[in-house]
Amino acid sequence: MSSMEVEQMSHPERVFDATKACIVRVLKKTKKLSKDDPRRVIHSLKVGLALTLVSLLYYIRPVYDGFGVATMWAVLTVIVVMEYSVGATIGKGLNRAFATLLGGSLGIGAHQIAELLGEKGEPVFLGVSVFLLASGATFSRFFPRIKARYDYGVTIFILSFSLVSMSSYRIEDIVELGHQRLSTVAIGVAVCLCVSMFICPVWAGGELQELIALNIEKLAAFLEGLSTLYFAENDGGGDVSKEKKNLLFQGYKSVLNSKSTEDALANFARWEPGHGRFQFKHPWNQYLKIGTLTRQCACHIEALHSVLNSDNQALLDIDDNTRLVLYNLSSESGKALSELASSIRSMTIPTVVTSFASDALGATIALDGLKVATVASLLIEIAACVERVTGSVGELAQKANFSTATAHGAMHGASVNPDPTEAAEVVVVLTVVD
């Protein structure tokens with residue numbers, strides 16, 4: 001539509017067209033989100049189902065007569081407790097249920113003691129009790145372990161104690177009020193747990209496993225692509241197109257920012273019961289250790305990327321022997337990481353050769369220029385990181401009782417040594433030629 005036609009349009013027509021365009025954009029984004037992960041749509045339907053089920057407390061007259069307006073607490077519980085993963089829902093639900101029970105019980109206890117102090121002493125005691133417990137509970141949230149797993153529960157504890165203790169000053173039957181609230185909260189939590197666990201469940205443990213494997217795959221794709229685009233015999237750095245570079249380098253950057261997501265998923269996974277291949281007391285901390293080593297490797301890759309991105313012309317002038325060493329180092333590191341990612345996904349014992357670095361680097365190579373020496377040094381550091389990741393995955397295989405691989409052993413021709421202290425020693429001599 002031309003600018004002249006736009007000027008000739010009336011104000012209502014422009015508003016209509018703008019509204020239509022906005023609706024189209026929203027529908028396209030909604031379609032894309034649903035297509036990227038259909039489980040988001042399922043989760044939305046699960047929340048709607050849980051709210052519908054708990055609303056029956058309002059519609060069934062005998063039930064509503066038993067709970068009264070306290071039925072609203074069940075609805076509020078579903079709204080705040082229902083989360084995307086099973087672990088997050090269980091964690092929030094149990095925190096809310098036990099915090100309500102503890103806060104309500106202490107509130108009733110404070111009311112009983114306050115009544116003994118008479119009409120003047122009762123509000124003073126209740127006010128002091130709220131001040132002390134709220135202050136102490138709030139301070140406890142600064143402890144890392146409590147902050148990580150029980151922060152929501154502490155908040156609900158403060159809320160429950162304050163409501164019950166202060167309400168007791170004006171409401172006579174405070175025990176009945178506490179019973180109604182605890183019962184409706186328990187009903188809301190139970191509905192959330194049943195819907196989350198038994199209808200298309202999303203397990204945080206499986207999400208964590210997939211995230212760790214995906215991050216390792218991203219690093220593997222970088223290293224394998226690097227060997228092909230920069231160090232292959234007939235494909236020098238000058239032949240690398242900008243599009244290929246962008247596609248190659250964009251993947252690893254997300255690994256650097258994955259720590260918070262990994263920590264959250266590991267925290268949620270600890271709440272989940274044993275399911276499928278993830279048994280009770282699964283070593284979730286080992287996944288975090290692998291994630292830390294993966295990010296260390298990603299940091300070396302980012303430094304390597306910076307060197308290569310500044311000027312890759314120096315890589316065209318190196319001799320064939322040096323190019324072959326760098327190619328093998330990058331390629332074998334990428335293949336090893338690919339095998340480790342596959343092992344984590346399939347929960348089979350990895351079969352990566354941890355000594356590939358010493359095989360590729362057990363030689364003296366002459367490097368023409370400081371930039372090439374820097375690239376070689378960074379590849380050596382990356383190879384060392386890959387060996388540490390290999391050892392950590394081997395530890396995970398032992399602790400989680402991974403099954404024996406049946407078709408992976410021939411990929412690299414040797415079995416992994418899960419003990420990182422027994423990894424082969426790497427001896428490298430770099431000679432920079434002026």
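The protein chain in this model has 18 helices and two strands, taken as DSSP runs (H or I of at least four residues for helices, E of at least two for strands) and numbered from the N terminus. I should say at once that this is a predicted model, in which local features need pLDDT of at least 70 and side-chain atom pairs count only at pLDDT 80 or more, while totals for chains, interfaces and linings use all residues. Residues are numbered from 1 along each chain as its sequence is written, and side-chain values use heavy atoms, with hydrogens and water left out.

Of the 434 residues in the protein chain, 43% are buried, meaning under 20% relative accessible area with a 1.4 Å probe, protein chains only.

Let me turn to the interior. The largest nonpolar core, a set of buried Ala, Val, Leu, Ile, Met, Phe, Trp, Tyr and Cys residues joined through side-chain atoms within 4.5 Å, has 54 residues, of which Y287, L304 and L379 touch the most other members. At least two residues of this core come from each of helix 11 (204-230), helix 14 (259-271), helix 15 (284-310), helix 16 (320-346) and helix 18 (370-399). Apart from this core lies another, of 11 residues, including A74, V75, V81 and C192.

What does Y287 contact, leaving aside its neighbours within four places in sequence? Counting heavy atoms within 4.5 Å as contact, Y287 meets L208, Q209, I212, F278, H282, I344, L396 and F402. Across the protein chain, 82% of the contacts with a separation of 6 or more are between residues 24 or more positions apart.

How values were computed. Buried means under 20% relative accessible area, exposed over 50%, partly exposed in between (1.4 Å probe, protein chains only).
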